[in-house]
Amino acid sequence: MRINPKAFFFLPGILLLSCAVGLIAEQDVRIEAPLRPAVWAGMGAIVYRAGWVDKKGQGHEEKVAEGQSLTIRLERGYRQAILFQPVAPYDWCKPAGFLYPFDVEPGSDFVDAWWSATGKASFGSGYAAAVALALERAGYHPWNWPVERLANPGLIKHRDPWTLPPWSAAERLIRGEFRLSLFPSAKTVFELPDEGPWWPESALCPPPLAEAEKAAASVMLSEGLHTFSNGKEFLCVKVEAGEIFVQRRAKGL
């Protein structure tokens, strides 16, 4: 069998092209875990478990400590919601998140930005990611709605979106009944017990009010359910029509 000598010139080019196509279809993204919010001051070291899907649809998980970063390979441009869920002993806290490609930072160099990208996880994106995943679990393509806008603090106007459970927000989006007014304003003052500090489950919870001398710390809460912990106990607070209902339980029960 005769081999065309020209084939030896074309073969390396074909191999390089196939490799390039594979790389073009993917992007390495370095994501920084969020820094600690002020309302979680005093907690121990916080570690997050990040979960994502590669271009083959295979799920992956990796742990990353607060303030550190991890690099993952994603299908280029494929919209994806990535949760950064705190692990024990802070697994009761609400997650941060990263929305790809919305949270990717603009690159200063086009060539470098084409192959790799960077971005930061945030707690606003955590809520938006939870809503996107709730839509996905319900059998809908989450990006049929502008879910990424839920990560915009200017749109939420500094309210804690977690007072509206993500599954409820997803249901209302599906039914066409979603309104920003569903996020209630914090209007009710709640005096925290003495055995603090008490950390809210949501990093987006309003910070405690300025403490008067010898006065107990207090926080402004909206209508809905709120959970706090001092590391030993859980404090479940329900605000309904201005009334406050409180239940305390030991951690682990």
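Trainee: Which residue of S6 stands opposite Ala81?
Mentor: Let's get the words straight: strands are DSSP runs of E with at least two residues, helices are runs of H or I with at least four, and both are numbered from the N terminus. Two strands pair if DSSP finds at least two bridges between them. S5 and S6 manage five bridges, in the antiparallel sense. Across from Ala81, in S6, stands Leu99.

Trainee: Okay, and what kind of model am I looking at?
Mentor: Residues are numbered from 1 along each chain as its sequence is written, and side-chain values use heavy atoms, with hydrogens and water left out. Local features need pLDDT of at least 70, side-chain atom pairs count only at pLDDT 80 or more, and totals for chains, interfaces and linings use all residues, since this model is predicted.

Trainee: What pLDDT does the protein chain average?
Mentor: pLDDT is the predictor's confidence in each residue, from 0 to 100. Here 83% of the residues score at least 70. The chain average is 85.

Trainee: How many contacts beyond four places in sequence does the model have for residues 108–112?
Mentor: Contact means heavy atoms within 4.5 Å. Residues 108–112 have pLDDT under 50. Where pLDDT is low, the predicted coordinates should not be read in detail. For 108–112, the contact count beyond four places in sequence is zero.

Trainee: Which strands sit at the edges of the sheet S3-S2-S5-S6?
Mentor: That sheet is open, made of four strands with antiparallel pairing. Strands of a sheet pair through backbone hydrogen bonds, either parallel or antiparallel. Pairing on one side only marks the edge strands, S3 (59–65) and S6.

Trainee: Which residues touch the most other members of the largest nonpolar core?
Mentor: A nonpolar core is a set of buried Ala, Val, Leu, Ile, Met, Phe, Trp, Tyr and Cys residues joined through side-chain atoms within 4.5 Å. Buried means under 20% relative accessible area, exposed over 50%, and partly exposed in between, using a 1.4 Å probe and protein chains only. The largest core has 27 residues, and the members touching the most others are Ile31, Trp40 and Phe84.

Trainee: Which residue of the 96–100 strand that is in contact with Phe84 also touches Ser125?
Mentor: Strand S6 (96–100) is one of those supplying at least two residues of that core. Beyond four places in sequence, the contacts of Phe84 include Ala96, Gly97 and Phe98. Those of Ser125 include Gly97 and Phe98. So you get two names, as both lists hold Gly97 and Phe98.

Trainee: Why does Ser125 count as buried?
Mentor: Ser125 lies in helix H3. Among the residues covering the buried part of H5 (166–175) is that helix, H3 (123–137). Ser125 counts as buried because its relative accessible area is 2%.

Trainee: Is Cys236 buried or partly exposed?
Mentor: Cys236 is in strand S12, opposite Thr227. S12 (233–240) pairs with S11 (224–229) over six antiparallel bridges. Another cysteine, Cys205, counts as buried because its relative accessibility is 7%. With 23% relative accessible area, Cys236 is partly exposed.

Trainee: How many disulfides does the structure hold?
Mentor: A disulfide here is a pair of cysteine sulfur atoms within 2.5 Å. Chemically, a disulfide is a covalent bond between the sulfur atoms of two cysteines. The number in this structure is zero.
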